[in-house]
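Q: Please take me through one part of this model at close range. Start from a single residue, then work outward to its surroundings.
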Amino acid sequence: MIRSIGGISFIAFVLFFATNLAFSLPVNKLITQLESSTKEKKTTECASLCVKLEEYARDKKDWPLAARAISHGIVIDCMLKKGSSEDNIRTLQKLVNKCKQPNLKTLLTMVLAEWYWGYYSARRSKFLDRSSVADEANADVTTWDRDRLFQEIEGLFEKAAGSTD
């Protein structure tokens, strides 16, 4: 006789658990390798692992994992090229603009808003001394004043939330 656990047969429970465990092993291994490579500052290996992780996530339609892999990959790529946080923002903005998958685009938009906020937070005193920007259409974050940057951050969060106001 098969024993029942809360209405679910023991065999069904074990199969469900084993399937989920087997499914998560490859991604857990990739994430562990990525975290280890990041700690050891093996940037070339990190970049390769980010690509693999993104491919895996896209294949499984795991959009949060894909967003994590993409954003981590951008940071690693920037480190390899000795770029700046402005370069990270520009790269992510381009990816958001060309992203076709709605769930992934929403997540990347939220990451971009957070990166803009981090950019402001790290340079708060510089923004206090800036005068207003005459050219509102200017896409160069290094020339924006605080109000323009806040407008961009708010717009990104509203876009990610699906707000049309």
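Where is the place of Cys78?

A: Cys78 sits in helix 3. The model is predicted, so local features need pLDDT of at least 70 and side-chain atom pairs count only at pLDDT 80 or more, while totals for chains, interfaces and linings use all residues. Residues are numbered from 1 along each chain as its sequence is written, and side-chain values use heavy atoms, with hydrogens and water left out.

Cys78 counts as buried because its relative accessibility is 7% (buried is under 20% relative accessible area, exposed over 50%, partly exposed in between, with a 1.4 Å probe and protein chains only). Neighbours within four places in sequence aside, Cys78 is in contact with Gly83, Ser84, Asp87 and Asn88 (contact means heavy atoms within 4.5 Å). Thr43 is 35 residues away along the chain, and its C-alpha atom lies 9.8 Å from that of Cys78.

Next, the host element. Helix 3 spans 63-80, and helix 2 spans 43-60 (helices are DSSP runs of H or I with at least four residues, strands are E runs of at least two, and numbering starts at the N terminus). The two helices pack at an angle of about 160°, their axes 8 Å apart. Helix 2 is therefore roughly antiparallel to helix 3. (Axes are lines fitted to C-alpha atoms, for helices over the stretch in contact, with angles from 0 to 180 degrees between N-to-C directions; under 35 degrees is roughly parallel, over 145 roughly antiparallel, 65 to 115 roughly perpendicular, the rest oblique.) The crossing of helix 2 past helix 3 is left-handed (the near helix is turned anticlockwise from the far one by less than a right angle; clockwise would be right-handed).

Now the residues in that packing. Helix 2 brings Thr43, Thr44, Cys46, Ala47, Cys50, Leu53, Glu54, Tyr56, Ala57 and Arg58. Helix 3 answers with Trp63, Leu65, Ala66, Ala69, Ile70, His72, Gly73, Ile76, Met79 and Leu80. By class, the residues of this contact split into 14 nonpolar, four polar and two charged (Ala, Val, Leu, Ile, Met, Phe, Trp, Tyr, Cys and Pro are nonpolar, Asp, Glu, Lys and Arg charged, the others, Gly among them, polar).

Each end of helix 3 leads into a loop. Lys61 is in the loop between helix 2 and helix 3. Lys61 is exposed because its relative accessibility is 58%. Its phi is positive, near 60°, in a residue other than glycine. Gln101 is 40 residues from Lys61 along the chain, yet their C-alpha atoms are separated by 9.8 Å. After helix 3 comes the loop to helix 4 (85-98), and Lys82 is placed there. Lys82 is not a glycine either, but has a positive phi of about 55°. Most residues other than glycine have a negative phi. A relative accessible area of 76% makes Lys82 exposed.

Helix 3 also matters to the count in the core. The largest nonpolar core holds 35 residues (buried Ala, Val, Leu, Ile, Met, Phe, Trp, Tyr and Cys residues joined through side-chain atoms within 4.5 Å). Leu53, Leu65, Leu104, Leu108, Leu112, Tyr116 and Leu149 have the most contacts inside this core. Two or more core residues come from each of helix 1 (10-39), helix 2, helix 3, helix 4, helix 5 and helix 7. Helix 3 gives the largest share, eight residues.

Another pair lies further along the chain. Helix 5 (residues 102-122) and helix 7 (residues 146-161) have axes that come within 8 Å and cross at roughly 160°. These two helices are therefore roughly antiparallel. Helix 5 passes helix 7 in a left-handed crossing. Among the residues in their contact are Leu112 and Tyr116 of helix 5, with Leu149 and Ile153 of helix 7. The residues of this contact divide into 13 nonpolar, two polar and four charged. Beyond its neighbours within four places in sequence, Tyr116 is in contact with Ile89, Gln93, Val141, Trp144, Leu149, Glu152, Ile153 and Leu156.

Back to a buried residue, this time in helix 1: Ser37. Ser37 counts as buried because its relative accessible area is 1%. Past the same sequence window of four places, its contacts are Lys42, Glu45, Cys46 and Leu49.

Last, the whole chain. It has seven helices and two strands. From the N terminus the order is β-β-α-α-α-α-α-α-α. Of its 165 residues, 29% are buried. Among contacts with a separation of 6 or more, 49% join residues 24 or more positions apart.
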